[in-house]
Amino acid sequence: MPFRLAALSSALAAALLLTACASNSAFKEGNALLDAGQVEPGLAKLEQAVRDDPHNAEYRLVLLNRKLRLVNAYNTRGETLRIKGQAAEAEASFQQALAIDAANVVARQGLAALAQDQKQQQVLADAEALYQRGGDANLTQAQALLRPLLVQRPNQRALQNLQVRLTDAQTRLRPASGRLAAAYRKPITLEFRDAPLRSVFDLISRVSGLNFVFDRDVDPNLRATISVRDTSIEEAITMLLSANQLEQSVTGERAITIYPNNPQKVKDYQQLVVRSFFLANADVKSVAFTLKTLLKAKDIVTDERIGTIIMRDTPEMVRMAERIIAVQDVADPEVMLEVEVLEVKRTSIQQLGIQWPDSATLKLIGSDQINGLLVNDLRNITGKTISAGIGPVTLNANRNDTDSNLLANPRIRVRNKDKAKVLIGDRVPVITVTTNNGVSADSVNYIDVGLKLDVEPNVYLDDEVAIKIALEVSSVVKEVYSKSGTTAYQIGTRSASTVLRLKDGETQVLAGLINDEDRVTANKVPGIGQLPVLNRLFGTQKDDNTRSEIVLSITPRILRSIRRPELAVAEFNAGTDSDIGGRVQVAAASSSSSSFSANAAADDNQQEAPAAVTSSAPAAAPSSMTGGSSMTGGDPAPAAAPRKGQQP
């Protein structure tokens with residue numbers, strides 16, 4: 001029985017040993033395969049080693065670290081490829097990361113971003129096709145396609161460029177305020193003198209196919225004098241309304257309501273919208289203050305928790321707020337500062353010469369070995385009772401040379417106009433004793449000793465960086481003890497501060513912080529030791545030379561710069577002081593109802609080839625329109641006698 005137990009124990013030990021050897025072999029082989037770039041077999045070997053020896057913490061830790069590094073590398077590569085536009089390679093990289101860690105959030109987000117990029121590319125292609133096709137309806141539709149993408153990715157350069165091109169094309173296509181439907185851009189020539197206002201609008205209605213409705217508070221006896229040639233109907237309507245203190249509001253696809261321009265009627269007819277702006281970079285309070293100051297916005301609510309601004313105003317004011325926020329809500333510039341600080345210290349100590357005894361002693365020897373010298377011994381002073389003492393003679397021939405280099409090479413990423421600090425050294429404790437009513441208390445303060453670097457960058461538009469630098473190098477020279485036993489330190493320091501303005505990638509070297517110390521200590525025999533030749537034979541001299549220099553090299557790398565906005569984004573029409581944003585009702589309707597322009601163009605066959613219609617009235621005549629009717633658009637009343645050869 002004991003023999004069987006011993007055999008079983010031996011077999012078990014042999015099995016454990018073989019298992020340990022197998023797991024160790026798999027562990028080493030897996031690491032070697034991973035180092036060679038063979039990811040799948042290498043991870044398989046490491047997982048096998050963990051299965052063979054599940055209690056080995058080193059195997060599990062190495063496996064987790066290897067997986068983490070591989071996943072991070074695949075995700076970084078995938079993101080880089082996605083930014084470069086290589087979608088297929090980026091997707092493959094993200095899939096490799098998910099093959100290692102199926103629940104990795106970064107890889108899933110990368111795939112979602114790729115899907116969004118593909119959708120964006122499709123929308124961009126459709127919008128580009130509409131832009132190439134031209135025409136107001138196509139440009140408006142392209143703008144509508146871009147708006148959701150710009151809300152999601154306001155800083156996407158391709159979207160911004162296409163939006164600028166669309167805006168420029170619409171600006172060239174549309175006159176003045178430039179947001180009316182095709183019917184409003186039809187050219188017209190009007191020549192009326194002191195004619196009834198409603199007769200003028202009746203003519204415009206027949207030419208454009210639009211219907212005008214007058215509010216009951218509009219004076220039916222209003223008269224107008226206007227002389228314009230080959231101008232758009234939009235401009236003509238604007239002139240007539242401005243001259244008679246009236247306003248307009250689009251109430252249908254072809255219906256416009258004319259009402260008095262007073263606060264109550266504006267409140268009754270003016271259309272308002274609510275828009276929520278989500279800010280990614282700008283300060284919510286600062287942007288809200290800008291909107292209130294520039295636009296005199298009606299209602300603005302801010303939420304600093306999630307960085308939103310909720311605005312209630314006219315559609316035109318909301319569009320102006322969009323453009324202002326697009327200019328302000330940009331990411332802060334960032335700079336990577338590559339700093340190298342080198343301290344070269346050289347110490348040379350030389351001690352050469354003969355150090356002679358500098359003193360001699362004589363001592364009386366007492367006769368009593370227990371009590372020492374007795375008075376009676378002073379009577380018998382002889383050479384035998386006096387002992388002489390003299391110091392040793394030392395030959396010094398020593399030289400020590402020490403070279404030391406202190407190198408710090410930090411890389412600091414810092415945001416524009418923020419301070420970054422680097423400390424490489426020690427914090428030396430300084431103990432202070434405070435006594436109060438006989439009770440002592442110790443307090444410890446710490447002093448930073450070593451290399452301290454403070455930098456503050458300021459990025460400019462021309463890819464230049466102004467850097468405010470403060471460098472200090474300090475060291476403990478010696479310890480100082482007070483009478484009470486408190487220890488203090490004498491700190492030696494060298495500092496420099498300056499402001500540089502460098503280009504992106506330009507390197508600047510700051511040098512010249514030199515500390516040079518020469519100390520000479522001599523121990524010579526008086527007289528003869530002062531002679532030039534014999535001073536080394538009758539004396540010793542120690543020469544201590546210490547020289548140190550600090551060199552600072554700094555190179556800025558702009559990671560995110562300030563981009564100057566295009567003129568079409570930075571400048572736009574803002575109306576007048578009394579009417580900020582211009583006459584917004586017609587513009588609001590044309591932007592809020594996407595079918596308005598299209599329907600107007602589809603229903604009016606004359607839009608294909610708009611012809612100018614001329615109507616004139618050299619003298620005003622009493623209107624035959626009844627005062628109870630406030631709608632024009634049918635047969636015109638005989639407001640004025642037409643000129644010969646012209647039709648009204």
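Which strand does L362 lie in? I opened the notebook with that one, and the answer is strand β10, residues 360-364. A reminder to myself before going on: this is a predicted model.

**Entry 1: the patch around L362**

I checked the cover on L362 next and found a relative accessible area of 70%. The cut-off for exposed is over 50%, so L362 counts as exposed. L362 has company, too: together with L364, I381 and I386 it forms a nonpolar patch on the surface. I noted about 360 Å² of accessible area for the four together.

**Entry 2: the TPR repeat**

I looked up the UniProt record, an unreviewed entry, and it places a TPR repeat at residues 71-104. In the model, that stretch is 82% helix and 0% strand. I also noted that its end C-alpha atoms are 8 Å apart.

Part of helix α3 caught my eye here, for a salt bridge between R82 and E79. Their closest N and O atoms are 2.7 Å apart. Both residues lie in α3, which covers residues 57-84, and they are 3 residues apart, about one turn of the helix. Is R82 buried or exposed? R82 counts as buried, at 19% relative accessibility, because the cut-off for buried is under 20%. Its partner E79 counts as partly exposed, at 30%.

**Entry 3: more salt bridges**

I wrote down the total for the structure: 24 salt bridges. Why do such pairs turn up? Side chains of opposite charge can pair when their charged atoms come close.

I followed R415 to D332, with the closest N and O atoms 3.8 Å apart. This pair links distant parts of the chain, 83 residues apart. R415 sits in strand β13 (residues 411-415), while D332 is in the loop between α12 (315-328) and β9 (334-355). Both ends are partly exposed: R415 has a relative accessible area of 41%, and D332 has 35%.

I also found R147, R275, R319 and E322 linked in a network of salt bridges.

**Entry 4: strands β6, β7 and β8**

I then traced the pairing around β8 (residues 308-313). Strand β6, residues 273-278, runs antiparallel to β8, and 6 bridges join them. There, V274 stands opposite R312. Strand β7 (residues 299-303) also pairs with β8 in the antiparallel sense, over 5 bridges, and T302 stands opposite I309.

How many residues lie between β7 and β8 in their hairpin? I counted 4, and G307 in the turn has a positive phi of about 70°.

One more salt bridge belongs on this page: D303 pairs with R305, their closest N and O atoms being 4.0 Å apart. D303 counts as partly exposed at 26% relative accessibility, whereas R305 counts as exposed at 71%.

**Entry 5: the four-strand sheet**

My last stop was an open sheet of 4 strands, in the order β14-β15-β16-β17, with antiparallel pairing. Which strands stand at the edges? They are β14 (420-436) and β17 (487-503); each has a single partner strand, so one side of each is left without a neighbour in the sheet. I noted an average twist of 20° from one strand to the next.

Looking closer at one pairing, I found β16 (residues 464-481) and β17 joined in the antiparallel sense over 17 bridges. The bridge partner of V473 there is R494, in β17.

Notes:
Residues are numbered from 1 along each chain as its sequence is written. This is a predicted model: local features need pLDDT of at least 70, side-chain atom pairs count only at pLDDT 80 or more; totals for chains, interfaces and linings use all residues. Side-chain values use heavy atoms; hydrogens and water are left out. UniProt positions are given in the numbering used here, feature names are shortened, and annotations may be inferred rather than shown by experiment. Helices (H or I, at least four residues) and strands (E, at least two) are DSSP runs, numbered from the N terminus. Two strands pair if DSSP finds at least two bridges between them. Axes are lines fitted to C-alpha atoms, for helices over the stretch in contact, and angles run from 0 to 180 degrees between N-to-C directions. Patches are made of residues with over 30% relative accessible area and no salt bridge: like charges are joined within 9 Å, nonpolar side chains (Val, Leu, Ile, Met, Phe, Trp, Tyr) within 5 Å. Accessible areas come from the Shrake-Rupley method with a 1.4 Å probe; for residues, only the protein chains shown count as cover. A salt bridge is a side-chain nitrogen of Lys or Arg within 4 Å of a carboxyl oxygen of Asp or Glu. Buried means under 20% relative accessible area, exposed over 50%, partly exposed in between (1.4 Å probe, protein chains only).
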